[in-house]
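Reader: I'd like to go through this model with you, with an eye to the ligand sites and the ring contacts. Please show it first.

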Amino acid sequence: MTDGLYSQLFAPHQCSEGTFLDCGSRGLVTYRAFLELASRQAKVLRDHGVASGDRVALQAQKSVEALAVYAACAQIGAVLLPLNTAYTPDEVAYFLKDAEPRLLVCDPDAERALTPTAQTVGAATLTLDADGRGTFADAAQAARPCADIVPRAEDDLAAILYTSGTTGRSKGAMMTNRNLVSNARTLTDLWAFTGDDTLIHALPIFHTHGLFVAVNVALCAGARLRFMQKFDLDAILGALPQSTAMMGVPTFYSRLLDDPRLDRSRTADMRLFISGSAPLLAETHASFAKRTGHQILERYGMTETNMITSNPYKGTRVAGTVGMPLPGVEVRITDPATGAPLETGERGAIEVRGPNVFKGYWKMPEKTREEFREDGFFVTGDLGAFDETGYLSIVGRAKDLVISGGYNIYPKEIELVLDTMPDVLESAVIGVPHPDLGEGVVAVLARQADHNPDVDEIRARAAGALAGFKRPRRYVLVDALPRNTMGKVQKAALREMFADAFADVHAGPDAD
Ligand code: MLC
Ligand code: AMP
C-alpha cells in the first residue's frame, strides 16, 4: 500500500528546502512550503467530509494554491477532477452531475452560477481566485496541517479527466496511481530530468500535459518549475536564459519562431525542448533547429493513456514522427475494421497497452469495453504506421476530432448546439489548417429552405453555450451539406472546400 502517488512523488520532498516553483516576480516556493500548504488544504478537504476515493472538482485559474489542491487530494486519497477554466457553467454542471464530487473549488466569479448544481449533488463550494485567494485559501490558512498520508493501492483512482467524445457526451477517464507514477518515472529517466533542471511551465494545469507530464516529471526529478500563469511570449523569452527545459504544444513553438528575439544565445543553456498534444509540423521542427540549434523532441500521448511514444533523448529525433514506444509500453498497428495486427509500414489503428493506460471511463462500462480489445489493448482513435527503424508516424484520426492549440474539440458537441439555431437545417463542424493554432474550427451551416440564418446571432448564442476555444472562428452558409451514397456528411470534402478559411491569418498570439 505504499504505491500511492503521494508517497512516490510528493512525500520524498517533504523536508526539502529546494525550490519547487519559481513564480518570477511573485517569488519562490520551496518543496517544503508547497507541501505544507497542501497539507493545510488537505485538512480543509477533510473538514468538508472528503474521504479517500471522494472526488474534488477544481475549476480555478492557475496558481500555486490551485496546484497544491493536486497534492492535497493525493495526500488524503481523494480523486482530483480538474476542469478547464474556459468551460461555461452549463458545461461544468454536466461534470458535477456525472462525477458527484464532495467539494467544488471554483473561481469566485463562477460561484453563484455553480453553487446550485453543486448543491444538488451534495457538494460544498469554496473559492479560489487567480491570486490564490478566496474562501478555500482562507480556510487553508486557518487550518492546522494534516499529518496523515492515506495509503493508496496502485489501482486506486488518483484523478478523473473528462474528455469530450465523438457522441458529444464527455467521458471521465479514470487515472490510477499506477498510471501516473509509472509514466512520471519513465519520462524522467528517458528525458534525463534531474534536480538541476528548471522546466518552463506555461501550460494549463487541468490537462495531462501541464499537470501530469510536466508537474510529475519535475516532482520525480526534484526539479524546479518556472511556473507561469499562461503562455506569454515575453515571459518565456525572458525565462529561457535561466531555464534548462520547456514543454509545450506546437503553437508555443510557432509563436516563439515568429519572434526575432528567439536565437541561439537566448537558448544556449537550454538542454531540451519537448512538443506534444498536437502534430508538430516538420517545417516548425526544421526552422527551430536552424534558428536555435535545438532539435525539438516530439512525443505522443493522450488523456486516457498518458504518454505513449517519444523521440529519443540521445539519438535521432525524426521530424514528423512521434518516436518509439516508451519502455514498458506496447504499441501496435491494427486493421481498423478487424483489429488484426498489421506489418511494419502499413497504416492502421494505433493501439496501446501498459501501466500508463487508464482504468476505464467513469460510470461507462460499455463505452470502456468498446474501446478496449479483449487482450487489454486500448484503441486510441489515432491512425499511424511504424517505419523500418521503429519510429511511429501519426497519419490521421479515425475519430472526428479537431485539435486547436492543443485543445481537443469534438465537432459533434458543437454541431448539437448549432443544429438548434434558428433557420439552420443542419451543421457540420470541421478543422482546417490555422497558422497559429494548427487547426481552426469552421462551422458549415445548411440553411433551412428559403431562410437565411443570422450568423451574428448564431455566434452570440454559441458564445453562451460553448467554452471559448470550442467556438467556430469562421461560419459558412451553404444550401446543403455534401453526403455520400450512405447519407453520411462528407467532411473530407468540406475540409478541402474550406481549406483556405484561415489563409488570411498570420502566425502569432494575435492571430484573427
Ligand atoms: C484560447 N483560445 C483558443 C485556444 N486557446 N481558441 C482555439 N484554440 C485554442 N487552443 C481562444 C480563447 O477562447 C479566446 O477567445 C482567445 O483565443 C484568446 O484567449 P487566450 O487565453 O489569450 O489564448 P492564448 O493565450 O493565445 O492561448 C493559446 C494557447 C492555449 C495555445 C497558448 O490554448 C494553450 O495553452 N493551449 C495548451 C492546451 C493544452 O494544454 N493541451 C494539452 C491537452 S493534454 P475569445 O473569443 O474569448 O477572445 C493532451 C495529451 C498530450 O493533449 O498528448 O499532451
Ligand atoms: P487528449 O484527448 O486531449 O489527451 O488528446 C489526445 C490526442 O492528441 C491524441 O489522441 C492525438 O490525436 C493527439 N496528439 C497528442 N500528441 C500528438 C503528437 N505529438 N502528434 C500528433 N497528435 C498528437
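**Ligand sites and ring contacts**

Reader: Which residue has a backbone N or O atom 3.2 Å from an oxygen atom of ligand 1?
Author: Happy to start there, with a word on the ground rules: this is a predicted model, where local features need pLDDT of at least 70, side-chain atom pairs count only at pLDDT 80 or more, and totals for chains, interfaces and linings use all residues. Residues are numbered from 1 along each chain as its sequence is written, chains are lettered from A and ligands numbered from 1 in the order in which they are written, and side-chain values use heavy atoms, with hydrogens and water left out. The 3.2 Å in your question fits a polar contact (a pair of N or O atoms within 3.5 Å; within protein, one must be able to donate a hydrogen and the other to accept it, and residues adjacent in sequence count only if both atoms are side-chain atoms). The residue is Gly 301.

Reader: What share of the accessible area of ligand 1 does the protein cover?
Author: Side chains also reach ligand 1: Lys 230 has an N or O atom 3.0 Å from an oxygen atom of the ligand, and Arg 473 has a polar atom 2.9 Å from a nitrogen atom of the ligand. On its own, ligand 1 has 1,000 Å² of accessible area (Shrake-Rupley method, 1.4 Å probe; for residues, only the protein chains shown count as cover). Of this, the protein covers 74%.

Reader: How many charged residues are in the shell around ligand 1?
Author: The shell around ligand 1 has 25 residues, each with a heavy atom within 4 Å, and Arg 255, Ser 277, Arg 299, Ser 404 and Gly 406 are the closest. At least two residues each come from α8 (208-221), α10 (250-257) and β13 (297-302); these labels are DSSP runs numbered from the N terminus, helices being H or I with at least four residues and strands E with at least two. For the classes, Ala, Val, Leu, Ile, Met, Phe, Trp, Tyr, Cys and Pro count as nonpolar, Asp, Glu, Lys and Arg as charged, and the others, Gly among them, as polar. The shell has 10 nonpolar residues, 10 polar residues and, for your charged class, five.

Reader: How much of the area of ligand 2 does the protein bury?
Author: A polar backbone atom of Arg 299 lies 2.7 Å from a nitrogen atom of ligand 2. Side-chain N or O atoms come within 2.6 Å of a ligand oxygen at Thr 303 and within 2.8 Å of one at Asn 408. Taken alone, ligand 2 exposes 500 Å², and the share buried by the protein is 92%.

Reader: Which element gives the most to the shell around ligand 2?
Author: Ligand 2 is surrounded by 15 residues, with Arg 299, Thr 303, Asp 382, Lys 399 and Asn 408 the closest. By class they divide into seven nonpolar, four polar and four charged. The element that gives the most, with five residues, is β13.

Reader: How far apart in sequence are the parts tied together by Phe 10 and Tyr 70?
Author: The structure holds 19 aromatic pairs (rings of Phe, Tyr and Trp, the last by its six-membered ring, with centres within 6.5 Å; planes under 30 degrees apart are stacked, over 60 edge-to-face, the rest tilted). One of them joins Phe 10 and Tyr 70 edge-to-face, 5.4 Å centre to centre and with 75° between the planes. Phe 10 lies in helix α1 (residues 5-10) and Tyr 70 in helix α3 (residues 64-76), so the pair ties together parts whose separation is 60 residues.

Reader: Are Phe 10 and Tyr 70 buried or exposed, and which residues form one aromatic cluster with them?
Author: Both Phe 10 and Tyr 70 are buried (under 20% relative accessible area, with exposed over 50% and partly exposed in between; 1.4 Å probe, protein chains only). The residues that join Phe 10 and Tyr 70 in one aromatic cluster are Tyr 6 and Phe 212.

Reader: Which ring does Arg 332 lie over?
Author: A charge sits over a ring if NZ of Lys or CZ of Arg is within 6 Å of the ring centre and within 35 degrees of the ring normal. Lys 62 lies over the face of Phe 227, at 4.9 Å from the ring centre. At 3.7 Å from the ring centre, Arg 332 lies over the face of Phe 377.

Reader: What is the phi of Lys 363?
Author: Lys 363 sits in the loop between β17 and α12 (365-371), and counts as partly exposed at 49% relative accessibility. Although Lys 363 is not a glycine, its phi is positive, at about 55°.
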